[in-house]
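Please read the following report alongside the sequence and the coordinates. The headings take up one topic at a time.

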Amino acid sequence: MTLFIYNENQQVVDNCFLPSPTARPDNPLSLKLTYKFYRIRKTVRTGLAYLYLLIFYPSIVRIQYQFRKDGGFAGPFQWLRLEDLVRLVKKFRPTSILECGSGTSTALFAILCPGRLTVLEHIEE
């Protein structure tokens, strides 16, 4: 799943690795430590996102584990993306949602926005 979130300057904002302003490209140790810091930070955020979903949306956690068992997307950062979706839906309160491809996010949208979800799926199952 790809989320494109824009700030007020029409720049794409994402949870990708961003080098610290204090990281110096000419110093490999500085870049390595910066990378480790962001990696640890993302791991902690992932754990907090999982706890948030487990407390407020336990059915989504069960659905995600079912998808993982059936061979669906199993990356640990999926919890971050699902939490991001919850926050986006709560903030912007969309009147309708069009999703291409079904998965855990489809179940999440169905719970958060009943009756306002349209899903396009290329697999007939």
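## Helix 4 and its surroundings

In this predicted model, the buried residues of helix 4 are T104, S105, T106, A107, L108, F109 and L112. Because seven of the nine residues of helix 4 are buried, the helix is largely enclosed by the rest of the structure. The elements against which these buried residues pack are helix 2, helix 3, strand 3 and strand 4.

Two of the buried positions can be followed to other parts of the chain. L108, with residues up to four places away in sequence not counted, touches I60, L82, L85 and V86. T104 can be related to R62, a residue of helix 2, since the C-alpha atoms of R62 and T104 are separated by 9.7 Å although the two residues are 42 apart along the chain. R62 itself has a relative accessibility of 58% and therefore counts as exposed, the cut-off for that class being over 50%.

## Overall architecture

The secondary structure of the protein consists of four helices and four strands, and from the N terminus on these elements follow the order β-β-α-α-α-β-α-β. Of the 125 residues of the protein, 29% count as buried. The protein exposes about 9000 Å², of which carbon and sulfur atoms supply 60%. Among the contacts with a separation of 6 or more, 43% are accounted for by residues 24 or more positions apart.

## The parallel strand pair

Strand 3, residues 97–100, and strand 4, residues 117–120, run parallel and are joined by four bridges. Within this pairing, E99 of strand 3 stands opposite V119 in strand 4. The connection between the two strands leads from strand 3 through helix 4 to strand 4, and the β-α-β crossover formed in this way is right-handed.

## The largest nonpolar core

The largest nonpolar core holds 18 residues, and those that touch the most other members are L53, Y57, L82, V86, L108 and L112. At least two residues of this core come from each of helix 1 (28–56), helix 2 (58–69), helix 3 (78–92) and helix 4 (104–112). The greatest contribution is that of helix 3, which gives six residues.

Helix 3 is also the place of V89, which has a relative accessible area of 9% and is therefore buried, as the limit for that class is under 20%. Leaving aside neighbours within four places in sequence, V89 is in contact with P94, I97, F109, L112 and C113. Two of these partners, F109 and L112, are among the buried residues of helix 4. For C113, the C-alpha atom is separated from that of V89 by 8.2 Å, with the two residues 24 apart along the chain.

## Salt bridges around helix 3

A search of the whole structure finds three salt bridges. Side chains of opposite charge can pair when their charged atoms come close. In one of the bridges R45 pairs with D84, and the closest N and O atoms are 4.0 Å apart. This pair links distant parts of the chain, as R45 belongs to helix 1 and D84 to helix 3, with their positions 39 residues apart in the numbering. The two partners differ in accessibility class: R45, at 27% relative accessibility, counts as partly exposed, whereas D84, at 13%, counts as buried.

D84 also meets the side chain of R81 in a salt bridge, with an N to O distance of 3.6 Å. R81 and D84 both lie in helix 3, three residues apart, which corresponds to about one turn of the helix, and R81 is buried, as is D84.

A further bridge joins E83 to R87, the closest N and O atoms being 2.7 Å apart. These two residues also both lie in helix 3, four residues apart and thus separated by about one turn of the helix. An α-helix has 3.6 residues a turn, so residues three or four places apart point the same way. At 6% relative accessibility E83 counts as buried, while R87, at 44%, counts as partly exposed. Salt bridges that share partners join R45, R81 and D84 into one network.

Terms used. Residues are numbered from 1 along each chain as its sequence is written. This is a predicted model: local features need pLDDT of at least 70, side-chain atom pairs count only at pLDDT 80 or more; totals for chains, interfaces and linings use all residues. Side-chain values use heavy atoms; hydrogens and water are left out. A nonpolar core is a set of buried Ala, Val, Leu, Ile, Met, Phe, Trp, Tyr and Cys residues joined through side-chain atoms within 4.5 Å. Buried means under 20% relative accessible area, exposed over 50%, partly exposed in between (1.4 Å probe, protein chains only). Contact means heavy atoms within 4.5 Å. Accessible areas come from the Shrake-Rupley method with a 1.4 Å probe; for residues, only the protein chains shown count as cover. Two strands pair if DSSP finds at least two bridges between them. A crossover is right-handed if, with the strands pointing away from the viewer, the path from the first strand over the helix to the second runs clockwise.
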